[in-house]
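Grab the model and work through a few exercises on charged pairs and nonpolar packing. Try each task yourself before you read its solution.

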Amino acid sequence: MLCIGIPLDEFESTATNPARLNGTQESNVEGLYNDLTTHPQGQLEPGCVRFNKVTGKFTKVFGYNRFNSVRRACEHGIGINNSPDHVFWCYIFTGTQAQEKWLQAKENGNKRTQSEATPQDIANLIIGLKDLGEFDKPGSRWVDATEEEQKKRIQDRVAIELPKWAARKFRGIWSIIRRDPTIATKFTTYDKTQISDYFLGGNPYGITAKDALKQLDRAIIKTGDVIKKNGIRYGFYLVSRDSEITAGATPGHVLKHVQQGKSDRIILICVDNHGTVKTIASKRQAIITAAGYWNNIFSIPALGKKAFCEALFISQTDTEIAKHNLKHEYVHHEKF
């Protein structure tokens, strides 16, 4: 298979793996990062990408963990054998949307990874394939078939493409499809690089990746960074779970930051990777409540300063993402 090494800046900023219910997992990226940077051959398996003629950039079909691991090595200045300038090795996909989904299903379902695909992951992909007509037959749509025939069509194809899931494991997939044909609402997680990507792609302050590159010498922001825009110094703290604010070290760091006068406004950019569709609202409220609590303790009235000034929350359920992310909005913007 012909593979090419593509520079990281030629990829679209796709934050999460569409083939996984919970997106790209930080623990998997960390494990692959350690392997990539220590293995004598570097990146052992290629990713798969397609070229987007509209944007002029590449979109990942699979290999999200590998890509994020290479990017992390680049950000840390750590070399990878056989990857000059931290290129990402991959092959170019030129097939149909249905073929792309089967590729994602096989990549995530057939091989043993650090985090195996779940029945929900595989069911989601099969539902997507069903919607593309992959289980229709000439003159007989899948949706019009009997339940027994529907099951047989899917199981026969899964036996060919995803043999690991065709026997006993298929029962779990089928029970999900029968119970909810639209499949459960997704809940997406973000690592802190992805939080930065979303923020720099659009925010209320007009801060861009170019601002970060100019002032920080890198195109991402990290916790504790300060960027000046329109005469205001913004200090940023990236939050990936509520305990970082309710019981973690972040409040102490913020107090020191404020006391030292490093910035004019402290902005929290938040997700909660330990939330679920059912609990995310309460997780966000816990962050807001804790920030208000620390404000009461840490505020410096004489200087007119608060510990926390604003909190931006990034969408995490698929309903929120569909409503807000294309317009690069935030699901909630709290001003303290």
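**Exercise 1.** Find the salt bridge between Lys130 and Asp131, and say how buried or exposed each partner is.

*Solution.* Start with the distance: the two side chains meet at 2.9 Å, N to O. That passes the salt-bridge test, which asks for a side-chain nitrogen of Lys or Arg within 4 Å of a carboxyl oxygen of Asp or Glu. Next, check accessibility, where buried means under 20% relative accessible area, exposed over 50%, and partly exposed in between (1.4 Å probe, protein chains only). Lys130 comes out at 17%, so it counts as buried, while Asp131, at 54%, counts as exposed.

A word on the ground rules: this is a predicted model, so local features need pLDDT of at least 70 and side-chain atom pairs count only at pLDDT 80 or more, while totals for chains, interfaces and linings use all residues. Residues are numbered from 1 along each chain as its sequence is written, and side-chain values use heavy atoms, with hydrogens and water left out.

**Exercise 2.** Work out how Arg157 and Glu161 are placed relative to each other, and which network they belong to.

*Solution.* First, the closest N and O atoms of this salt bridge are 3.3 Å apart. Second, both residues sit in helix α5, four residues apart, so about one helical turn separates them. (Helices are DSSP runs of H or I, at least four residues, and strands are runs of E, at least two, numbered from the N terminus.) Third, Arg157 is partly exposed at 23%, whereas Glu161 is buried at 15%. Finally, salt bridges link Lys106, Glu134, Arg157 and Glu161 in a network.

**Exercise 3.** Which parts of the chain does the Arg284–Glu320 pair link?

*Solution.* The side chains meet in a salt bridge at 2.8 Å, N to O. Arg284 lies in helix α11 (residues 280–298) and Glu320 in helix α12 (residues 318–324), so the pair links distant parts of the chain, 36 residues apart. Both Arg284 and Glu320 are buried.

**Exercise 4.** Take apart the largest nonpolar core: how many residues does it have?

*Solution.* Such a core is a set of buried Ala, Val, Leu, Ile, Met, Phe, Trp, Tyr and Cys residues joined through side-chain atoms within 4.5 Å. The largest has 22 residues, and Ile126, Ile154, Val158, Ile173 and Ile177 have the most contacts inside it. Two or more residues each come from α3 (97–109), α4 (119–131), α5 (147–161) and α6 (170–179). The largest share, six residues, is from α4.
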